[in-house]
Amino acid sequence: MTTTTDHPVQEASSTPPAPGRTRRRSDRRLAAAFISPAMLLLLAMSVFPLLWALYLSFTDYSATRDAPAHFVGLRNYVDILTSDQVHQRALTTLLYVVGAVTLQTVLGFSIAYLISRRTHGRGLLTTLFLVPMMLSPVVVGLFWRFMLDAQFGVVNSMLGSLGIGQVEWLTGQRTALLSLIVVDTWQWTPFIMLIALAGLTAVPNYLYEAASIDRASEWFRFRNITLPLVWPLLLIAVMFRAIEAFRLFDLVYILTSGGPGVSTETLSFHVYKVAFLGFNTGTASAYGILMVLVVIVLAQFYLRYLNKLKEG
Amino acid sequence: MAISVDEAVPAGPVPDDQPRVRRGGSARSVVEVVLLTALAVAMLFPVLWILETSIKENRDVYAVPAKFFRFDVTLDHFKDVFVGRGGGRSDLSTSFLNSVVVAGVSTLLATLLGVPAAWAFSRFAVRAKKDLLFFILSTRFMPPVVVVIPIFLMYREVGLIDSKLGLILIYAAFNVPFTIWMMKGFVDEVPSEYEDAAMLDGYTRLQAFWRVTLPLLVPGIAATAVFALIFSWNEFVFAIFLTSSQDVRTAPPAIAGLIGGTTVDWGLVAASAAVFALPVLVFAYLVRKHLVAGVTLGAVRR
């Protein structure tokens with residue numbers, strides 16, 4: 001470290017550097033020089049493509065045809081919003097998001113609570129529980145496809161030795177969506193656990209001490225101290241997870257490819273089919289824009305609710 | 001301060017542990033330990049199973065009922081990951097190498113662009129700073145399947161399709177928002193008075209950043225870079241739609257390609273999954289202290 005940092009901080013703050021005109025101008029130039037490269041990359045790789053998609057969403061463009069794009073106004077949007085297919089995919093997505101996020105919130109919080117009550121080996125336990133979250137969705141999808149295989153999968157094998165019949169996990173209409181929820185829960189429970197653990201460990205000890213002087217019951221302490229303090233943090237975690245689950249693609253692709261039939265075809269997967277199998281680029285773009293809008297609008301409402309909760 | 005798993009954990013509601021035990025809560029404690037153990041086993045079983053499968057002889061892989069112990073051990077699957085059928089390098093090992101290049105360079109790029117930007121956002125009064133920062137974050141919330149359509153068209157126009165550079169650029173663009181948000185938190189923690197003091201000593205603003213602040217940021221930069229590295233390493237959607245040829249393709253689509261045929265060599269899948277996951281687990285272990293800040297883009301702080 002350079003010697004300059006050894007200077008007492010007080011000296012510096014008591015005589016702040018005179019914000020001369022030249023310094024301010026050079027500061028501004030430096031800020032611009034430091035920020036603009038990053039912004040340029042984002043403009044080129046995020047904003048420009050998104051604007052392009054917005055433009056395409058009003059056309060009948062197809063990536064495989066050489067024909068120029070025709071402007072069709074809002075037709076793509078109307079088609080999507082009135083399509084029964086899309087309504088069904090939306091329902092599938094909703095079932096999946098609600099099911100998976102609920103399951104992983106309950107499980108994740110329970111694990112965090114159990115860990116926070118242990119005195120020994122908590123660091124190790126936490127690290128072990130985090131493993132699934134760090135793996136690639138491809139790897140996770142393959143793991144589970146192998147384990148859920150109807151013929152020789154280890155899950156059915158264990159069910160068999162328990163005397164329970166075989167289950168067609170990935171090929172049954174109902175069980176495929178359930179499998180998807182289970183796998184997503186397996187991968188992302190650690191995320192909720194991590195956030196909940198952060199919240200649980202941040203609860204000030206004096207609150208518990210005060211409660212134990214009052215001889216408050218365990219449940220009372222949990223209900224009136226632990227939960228209210230962890231709740232806002234947990235809700236943020238739920239939002240992150242819901243957004244991620246809403247745009248889930250890779251796991252569906254690997255695990256079920258939307259099947260059997262269309263029973264696990266989420267909105268994301270449907271966009272992919274429209275764009276890369278049907279090559280209706282214009283429609284797919286409109287679809288995508290709508291999905292982005294849904295995320296933004298719902299997140300705004302949710303955040304407003306969160307803020308109200310914090311103030312209240 | 002970013003929440004650290006190791007440090008924060010012992011500070012939990014421990015003190016109420018003692019009275020509970022004294023009141024004869026040991027039965028409940030036993031129940032809790034059993035529950036926790038069961039959950040840990042359930043969470044880790046798939047990982048153990050894939051490791052076990054990767055060293056099994058083929059006939060044991062497909063054995064019904066499944067063999068948990070007493071199977072024949074072989075390292076053939078791992079050999080198949082790296083060595084091709086007729087000797088020489090296998091396609092999988094090429095894709096692993098591609099993954100190393102793509103993840104490494106994109107992380108480097110994201111760090112080089114993101115860290116200075118984070119410093120500038122933290123230190124200067126930038127116009128419409130809040131909106132700008134929120135805009136930067138919002139680019140991360142777009143569904144990848146949606147972004148990939150225009151990116152695909154754009155890359156086709158400029159000839160970046162099926163190139164490592166194309167993947168590097170898109171991964172860097174995805175990691176820059178994350179780097180800026182996480183690094184801004186780290187920069188905020190370094191008192192700006194240090195730089196002021198350095199400038200009183202005659203350093204310019206830039207020198208003050210370079211000589212004084214940057215060295216203090218090194219641990220934060222390392223943690224952020226590892227997160228970016230893990231993201232690029234694991235990414236699948238862009239990788240599968242923007243690349244097609246064997247010598248460009250990264251490992252995730254290559255591994256996914258193993259299940260394309262009518263019969264699947266699950267031993268090979270297990271071995272390549274294990275090889276692919278190993279670096280991530282090592283890296284994750286290295287950044288465990290910054291995990292909460294990392295996975296939530298720094299949105300959850302204490």
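## Pockets and chain contact

By class, 22 nonpolar and 2 polar residues line the second largest pocket, with no charged residues among them. The model described here is predicted.

The second largest pocket holds about 650 Å³ of space. Its lining numbers 24 residues, and Leu94(A), Phe246(A), Val294(A), Val295(A) and Leu298(A) are the closest to its centre. Two or more lining residues come from each of these elements of chain A: helix H3 (75–81), helix H4 (84–116), H10 and H13.

The largest pocket has a lining of 27 residues, with Met239(A), Leu303(A), Phe134(B), Leu137(B) and Phe141(B) nearest its centre. Both chains supply elements to this lining: H2, helix H10 (218–246) and helix H13 (281–311) of chain A, and helix H7 (129–138) of chain B, each give at least two residues. H13(A) provides the largest share, 10 residues.

| Pocket | Volume | Lining by class |
|---|---|---|
| Largest | about 780 Å³ | 20 nonpolar, 5 polar, 2 charged residues |
| Second largest | about 650 Å³ | 22 nonpolar, 2 polar, no charged residues |

Chain A and chain B also meet in a contact that takes 108 residues from chain A and 119 residues from chain B. The area buried between them is about 10100 Å², and carbon and sulfur atoms give 80% of this area. Across the interface there are 4 salt bridges. One of the salt bridges joins Glu218(A) to Arg28(B), whose closest N and O atoms are 3.7 Å apart. Between the chains, 9 residue pairs are in polar contact. On the side of chain A that touches chain B, helix H2 (residues 21–56) of chain A gives the largest share, 21 residues. That side of chain A has 74 nonpolar, 23 polar and 11 charged residues.

Methods:
Residues are numbered from 1 along each chain as its sequence is written. Chains are lettered from A and ligands numbered from 1 in the order in which they are written. This is a predicted model: local features need pLDDT of at least 70, side-chain atom pairs count only at pLDDT 80 or more; totals for chains, interfaces and linings use all residues. Side-chain values use heavy atoms; hydrogens and water are left out. Contact means heavy atoms within 4.5 Å. Buried area is the accessible area (1.4 Å probe) that two parts lose on being put together, summed over both. A salt bridge is a side-chain nitrogen of Lys or Arg within 4 Å of a carboxyl oxygen of Asp or Glu. A polar contact is a pair of N or O atoms within 3.5 Å; within protein, one must be able to donate a hydrogen and the other to accept it, and residues adjacent in sequence count only if both atoms are side-chain atoms. Helices (H or I, at least four residues) and strands (E, at least two) are DSSP runs, numbered from the N terminus. Ala, Val, Leu, Ile, Met, Phe, Trp, Tyr, Cys and Pro count as nonpolar, Asp, Glu, Lys and Arg as charged, and the others, Gly among them, as polar. On a 1 Å grid over the protein atoms alone, a cavity is a set of points where a 1.4 Å probe fits but cannot get out, and a pocket is an open set with protein on both sides within 12 Å along at least five of seven lines; lining residues have an atom within 4 Å of a point. Grid points are joined across faces, edges and corners, and a volume is the space filled by probe spheres set on the points.
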